[in-house]
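Below are some remarks on the structure, set out as numbered points for a colleague who will want to check each one against the coordinates.

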Amino acid sequence: MDLAQVVAFVKECLGVEVEMSGCKAPITTFIIEPFVPHDQEYYLSIVFDRLGYTISFSECGGIEIEENWDKVKTIFLPTEKPMTL
């Protein structure tokens with residue numbers, strides 16, 4: 001897909017209402033980044049809730065992350081405690 005096709009796709013989809021888990025809302029944002037050729041993929045996830053941040057990382061990333069979930073390292077950083085090294 002080239003940039004002109006990406007622009008056309010975004011214009012077509014912006015504002016379209018979608019439903020996920022019973023909630024409906026329009027698509028308002030796209031994150032677009034260029035493809036960079038690479039030999040290895042990593043997995044990084046940062047999830048925040050009111051108790052703190054759950055950060056997960058793995059050297060086995062990409063579409064195979066579910067098959068390699070046992071290799072994911074996860075830490076929890078509580079909101080009320082400062083981060084130190």
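## Notes on the predicted model

1. A point about the surface comes at the start. The largest share of a nonpolar patch, three residues, comes from strand β3. The model is a predicted one, and in it the patch is formed by Tyr42, Leu44, Ile46, Phe48, Tyr53 and Phe57, which together have about 650 Å² of accessible area. Strands β3 (43–49) and β4 (52–58) each supply at least two of the patch residues.

2. Phe48, one of the residues in that patch, lies in strand β3. Phe48 counts as partly exposed because its relative accessibility is 49%, and the cut-off for an exposed residue is over 50%.

3. On the overall arrangement, the secondary structure of the chain comes to one helix and five strands, and the order of the elements from the N terminus on is α-β-β-β-β-β. The radius of gyration of the chain is 18 Å, whereas a compact globule of 85 residues would have a value near 12 Å. Taken along the principal axes, the C-alpha atoms fill a box of roughly 45 × 35 × 25 Å. Buried residues make up 14% of the 85 residues in the chain, and it may help to keep that figure in mind when reading the points on single residues below.

4. Which residues of helix α1 are buried? In this helix, which covers residues 3–13, they are Val6, Val10 and Cys13. Seen down the axis of α1, these buried residues fall within an arc of 75°, so they line one face of the helix. The general background is that an α-helix has 3.6 residues a turn, so residues three or four places apart point the same way. On the face of α1 that is turned away from the buried side, the exposed residues are Ala4, Lys11 and Glu12.

5. Both ends of this helix deserve a comment. The N-terminal end of α1 is capped by Asp2, with a side-chain oxygen of Asp2 lying 3.2 Å from the backbone nitrogen of Ala4. After α1 comes Gly15, and the phi of Gly15 is positive, near 85°.

6. A positive phi also occurs in a residue other than glycine, namely Ser21, where the value is near 55°. Ser21 is placed in the loop between β1 (17–20) and β2 (23–26). With a relative accessible area of 81%, Ser21 is exposed, and a reader who checks backbone geometry may wish to look at this residue.

7. Is Ser56 buried or exposed? Ser56, which lies in strand β4, has a relative accessible area of 8% and is therefore buried. The side chain of Ser56 makes a polar contact with the side chain of Thr74, at 2.9 Å. Thr74 falls within the residue range 73–78 given for strand β5.

8. Pro78 is also placed in strand β5, and Pro78 counts as partly exposed because its relative accessibility is 24%. Between Pro78 and Thr54 there are 8.6 Å in space, C-alpha to C-alpha, for a separation of 24 residues in sequence.

9. Glu17 has its place in strand β1 and is exposed, with a relative accessible area of 53%. Glu17 and Thr28 are eleven residues apart in sequence, and their C-alpha atoms are 9.4 Å apart in space.

10. Two loop residues can be read together with the dimensions of the chain. Ile27, in the loop between β2 and β3, is partly exposed, with a relative accessible area of 24%; its C-alpha atom is separated by 31 Å from that of Leu77, which is 50 residues apart from Ile27 along the chain. Glu64, found in the loop between β4 and β5, is partly exposed as well, with a relative accessible area of 36%. The C-alpha atoms of Glu64 and Thr29 are separated by 26 Å, and these two residues are 35 residues apart along the chain.

Note on methods: Residues are numbered from 1 along each chain as its sequence is written. This is a predicted model: local features need pLDDT of at least 70, side-chain atom pairs count only at pLDDT 80 or more; totals for chains, interfaces and linings use all residues. Side-chain values use heavy atoms; hydrogens and water are left out. Patches are made of residues with over 30% relative accessible area and no salt bridge: like charges are joined within 9 Å, nonpolar side chains (Val, Leu, Ile, Met, Phe, Trp, Tyr) within 5 Å. Accessible areas come from the Shrake-Rupley method with a 1.4 Å probe; for residues, only the protein chains shown count as cover. A salt bridge is a side-chain nitrogen of Lys or Arg within 4 Å of a carboxyl oxygen of Asp or Glu. Helices (H or I, at least four residues) and strands (E, at least two) are DSSP runs, numbered from the N terminus. Buried means under 20% relative accessible area, exposed over 50%, partly exposed in between (1.4 Å probe, protein chains only). The arc is that of the directions from the helix axis to the C-beta atoms. A polar contact is a pair of N or O atoms within 3.5 Å; within protein, one must be able to donate a hydrogen and the other to accept it, and residues adjacent in sequence count only if both atoms are side-chain atoms. The radius of gyration is taken over C-alpha atoms; the globule rule is 2.2 Å times the number of residues to the power 0.38.
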